[in-house]
Amino acid sequence: MLTTNQGLLINDNQNSLKSGSRGSTLLEDFILREKITHFDHERIPERIVHARGAAAHGVFKLYKPLAAYTKAKFLNDTSRETPVFVRFSTVAGSRGSTDLARDVRGFAVKFYTEEGNYDLVGNNIPVFFIQDAMKFPDLIHAVKPEPHNEIPQAASAHDTFWDFISLMPESMHMIMWAMSDRAIPRSYRMMEGFGVHTFRFINDKGASHFVKFHWKPLLGVHSVAWDEAQNISGKDPDFHRRDLFEAIESGAFPEWELGVQIIPEKDEHKFEFDLLDPTKLIPEELVPVQIVGKLTLNRNPDNFFAETEQVAFHPGHLVPGIDFTNDPLLQGRLFSYTDTQLSRLGSPNFHEIPINRSIVPVTNNQRDGHMRQMINTDKTSYEPNTISNGCPYQAMMKDGGFTSFQERVDSKKVRERSQSFFDHFSQATLFFNSQSEPEKNHIINALTFELGKLERPVIRERMLGLLTLVDKGLARKVADGLGMEVPARPEYPVNHSVPADGDQKKHEPKKIKSSIEVSNALSMANTKKNSIKTRQIAFLVADGVDASFEEMKKGLENEGAVVKLIAPKLGTIKTGNGKGITVDLSFLTAASVLFDAVYVPSGKTSIQKLTNEYDAIHFINEAFKHCKPIGASGNAVDLLKQTYIASKTDLANKKLCMDMGVCLDPAIKDLVRSIAKHRFWEREELRKVPA
Ligand code: HDE
């Protein structure tokens, strides 16, 4: 039965209390007022960044104890499963924006450990745009919609963003990542995660090692094409959210392995970049990633608002054995996250919201405040005390508890950046050089697209200057796409970080010669391509389809793929031997961009019908354009003859077709192998395909 928030049974939920049936509503109607007041406050301010997200519960299991490096208990006990809550997000868009924006993705993990909550609040890109927290509001103001007209939503392709970037050479490494396909993931389940900053591990002897955190997805790292991303944004803006939710509901639990790069304290200055600089990564060739545990997401939230929206992450939620470094970006974050929760969740008691509660008891002398949940029964709220027998008291050394690493500090108070932070280009070049040819082309296309959207040509010119310092060929190709020339002598943008000593020369951006020219781990071309688990496969069918299609369907489903039957209309179709089959989607509601591969089974009348269906031809053309595997059996090749594929390859030559991901009369294993490759980027010629 309905009750008020005080538990009072309600016996009329249809009418407000009035002075007569045609009279004014009475202020006395506390039931109406309670209901409306609650409704008025149902929305809370959205996150200023990372507003759009999706999350899930899961567990973390350690493979091997890390006692030599850290005393954190959840990183020492392999018998324990640590509960986690993980939220993925885009950064720039507001809560209702599309999942497929070109953007960095947040990858925030809350570990509910037996020593309190530990939050690893990372991204899917291992570096960041800026080096100092002082610049964060500027960066975000630049990328957010422009202030006069609030356009564009969830997009970096506008003047204010590139104006800022063109004046911030330190952003060039991150820009290479953000313009790569990493910024348009196929799925949250198929992206890496990174802690970004260098942190410290502290062992039980108090010794410190530097550490970088990595999450490696077991399904490999995969992306979509930019043209596809833009289409998905219209057809299904909830694409990533839906994908995560459905995978977990179906029992296909997303998994990542936790990796650590560990650097002894004595090696702090061994590298040609500064470990404290968040615009740099440590190439895996220099320090290998050790795989130490596994994260599995196995349960969807019951309530989006209560869990995904109200979860409050904070890089300062630490456990003993993990500590910060002086990375100036991280240091600023340590202030920002509590502050933002105060206005977003409205109270210093946000830790009492169920999703934020630690699994161990919280005992301290903080009291009261807005929305306090805990009813403290003790007679004292101070320490030291005798009235409550001294409780709660400080943990002794033997009890554990948090102690900060005793880093030696002996310096002047200054506002400046270390000289070791001023190489802004060599890792941008390393990233670009490490990409496969198709990946390089995607970066060039993305830059041409983004800069092409600008209204002020001078910003384009400045950007071309900076790109020249990354790679001349890259700059030339982007300039060509924009109908411009590469500047003859690129100038470094104005350097705003004038040091206290006024010696600007000393702090000019520079490019050093990197000892590593290519790092394989940076290219998605080298990722895992051995499974079709959870891949979405479209079967195009119509009345008269050969019943044998069910074998192919079963074969793919046995490998973990999800098959959907798409026909000219919803309802049922009849197979060649008269069996009724229920259709999943019609061409009206389905779209090729929502699938990983397409297969057309044979069938005398079904192929005739599909050949007359323009949407079927468009579906295949689009899948071809986005380099997806395509399969066709028997006379289904007649349908392919009506598509752009026929002008690109000899459909009589099965071997040639198979090499380019067009599988004719495929055995189940052929189609599986082709789908596992994810995309055939080599055949890409985006703007030529009529789809
Ligand atoms: Fe954040 N960031 N950030 N950030 N960040 C927030 O906190 C901030 C940075 C990241 O799913 C906010 O609760 C500053 C780097 C994620 O709830 C806010 C600086 C990285 C999430 C904030 C940074 C991140 C946030 C907004 C520069 C990758 C979403 C709402 C000094 C390592 C967490 C909130 C979630 C959210 C501030 C830079 C990751 C305003 C000041 C670098 C994944 O506090």
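**Figure 1. Close-up of the second largest cavity in the predicted model, lined by 13 residues.** E272, F273, S426, Q427 and S514 are the lining residues that lie nearest the centre of this cavity. The second largest cavity holds about 80 Å³ of space. Its lining is made up of six nonpolar, four polar and three charged residues. In total, the structure contains six cavities of 30 Å³ or more.

**Figure 2. Close-up of the largest cavity, with a volume of about 160 Å³.** A set of 18 residues lines the largest cavity, and P126, F194, H214, L281 and I282 lie nearest its centre. Strand β7, which spans residues 208-217, makes the greatest contribution to this lining, with four residues. By residue class, the lining of the largest cavity comprises 10 nonpolar, four polar and four charged residues.

**Figure 3. Close-up of the second largest pocket, which has a volume of about 1000 Å³.** The pocket is lined by 48 residues; V49, H50, F136, R333 and Y337 are those nearest its centre. At least two lining residues come from each of β2, β3, β4 (116-123), α2 (136-143) and α8. Helix α8 gives the most to the lining of this pocket, supplying 10 residues. The lining consists of 29 nonpolar, 12 polar and seven charged residues.

**Figure 4. Close-up of the iron atom of the ligand and its protein donor, Y337.** The protein provides a single donor to the iron, the OH of Y337, at a distance of 1.9 Å. Y337 belongs to helix α8, which covers residues 328-344. Y337 is also one of the residues nearest the centre of the second largest pocket.

**Figure 5. Close-up of the salt bridge between R95 and E309.** The closest N and O atoms of R95 and E309 are 3.7 Å apart. This pair connects distant parts of the chain, with the two positions 214 residues apart in numbering: R95 lies in the loop between β2 (81-90) and β3 (105-113), and E309 lies in helix α7 (residues 304-309). R95 is partly exposed, because its relative accessibility of 25% is not under the 20% limit for a buried residue and not over the 50% limit for an exposed one. E309, by contrast, has a relative accessible area of 1% and is therefore buried. Side chains of opposite charge can pair when their charged atoms come close.

**Figure 6. Close-up of the salt bridge between R242 and D236.** The side chains of R242 and D236 meet with an N to O distance of 2.7 Å. R242 has 37% relative accessibility and so counts as partly exposed. D236 is buried, because its relative accessible area is 9%.

**Figure 7. Close-up of the salt bridge between D277 and K280.** In this pair, the closest N and O atoms are 2.7 Å apart. Both partners are buried: D277 has a relative accessible area of 0%, and K280 has one of 5%. Elsewhere, R182, E192, K216 and E284 are joined into one network by salt bridges that share partners. A search of the whole structure finds 41 salt bridges.

Conventions. Residues are numbered from 1 along each chain as its sequence is written. This is a predicted model: local features need pLDDT of at least 70, side-chain atom pairs count only at pLDDT 80 or more; totals for chains, interfaces and linings use all residues. Side-chain values use heavy atoms; hydrogens and water are left out. A salt bridge is a side-chain nitrogen of Lys or Arg within 4 Å of a carboxyl oxygen of Asp or Glu. Buried means under 20% relative accessible area, exposed over 50%, partly exposed in between (1.4 Å probe, protein chains only). Donors are N, O and S atoms within 2.8 Å of the metal (3.2 Å for Na, K and Ca); water is not among the atoms, so sites may look incomplete. On a 1 Å grid over the protein atoms alone, a cavity is a set of points where a 1.4 Å probe fits but cannot get out, and a pocket is an open set with protein on both sides within 12 Å along at least five of seven lines; lining residues have an atom within 4 Å of a point. Grid points are joined across faces, edges and corners, and a volume is the space filled by probe spheres set on the points. Ala, Val, Leu, Ile, Met, Phe, Trp, Tyr, Cys and Pro count as nonpolar, Asp, Glu, Lys and Arg as charged, and the others, Gly among them, as polar.
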